[in-house]
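Visitor: Could you pick out one part of this chain and walk me through it slowly? I'm new to this, so plain words, please.

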Amino acid sequence: MKQKLTITVDAELLPAAKRYARSRGVSLSSLIEQSLREIAGEHEPSFAARWRGKFRPAGREDDPRYNTLARKYRLQ
């Protein structure tokens with residue numbers, strides 16, 4: 001459940017913080033919440049971390065192009 005919070009920050013900091021959040025495509029509230037989670041030790045795993053190891057290469061041993069790419073990217 002979300003709860004409203006009022007904070008006070010330096011007048012010069014607010015526009016910079018809003019620009020920073022906007023440049024990352026998130027709201028200022030989300031940015032602050034994420035920062036507080038990091039400080040509190042609650043790390044939400046990244047997209048890559050959540051999916052790492054979940055996918056396996058397709059069984060294409062008879063495809064020479066696949067074998068070349070698999071060797072290049074060490075899939076085999």
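Guide: Sure! Let's start with Ser30, which sits in helix 2, the stretch covering residues 28-40. Ser30 is partly exposed, because its relative accessible area is 35%, and that falls between the 20% limit for buried and the 50% limit for exposed. Now hop along to Glu42: Ser30 and Glu42 are 12 residues apart in sequence, and their C-alpha atoms are 14 Å apart in space.

Before we go on, remember that you're looking at a predicted model. The chain has an average pLDDT of 86, with 96% of the residues scoring at least 70. Among its elements, helix 1 (residues 13-23) has the highest mean pLDDT, 95, while helix 3 (residues 47-51) has the lowest, 83.

Now for the close look: helix 4, residues 64-72. Begin just ahead of it, with Asp63, which caps the N-terminal end of helix 4. One of the side-chain oxygens of Asp63 lies 3.1 Å from the backbone nitrogen of Arg65. Inside the helix, Tyr66, Asn67 and Ala70 are buried. Look down the axis of helix 4 and those buried residues fall within an arc of 100°, so they line one face of the helix. Turn to the face pointing away from that buried side, and you'll meet the exposed residues Pro64, Arg65 and Lys72. So Arg65 turns up twice: its backbone nitrogen pairs up with the Asp63 cap, and Arg65 is also on the exposed face. Finally, carry on past the end of helix 4 to Arg74, which follows it and has a positive phi, near 55°.

Terms used: Residues are numbered from 1 along each chain as its sequence is written. This is a predicted model: local features need pLDDT of at least 70, side-chain atom pairs count only at pLDDT 80 or more; totals for chains, interfaces and linings use all residues. Side-chain values use heavy atoms; hydrogens and water are left out. pLDDT is the predictor's confidence in each residue, from 0 to 100. Helices (H or I, at least four residues) and strands (E, at least two) are DSSP runs, numbered from the N terminus. Buried means under 20% relative accessible area, exposed over 50%, partly exposed in between (1.4 Å probe, protein chains only). The arc is that of the directions from the helix axis to the C-beta atoms. A polar contact is a pair of N or O atoms within 3.5 Å; within protein, one must be able to donate a hydrogen and the other to accept it, and residues adjacent in sequence count only if both atoms are side-chain atoms.
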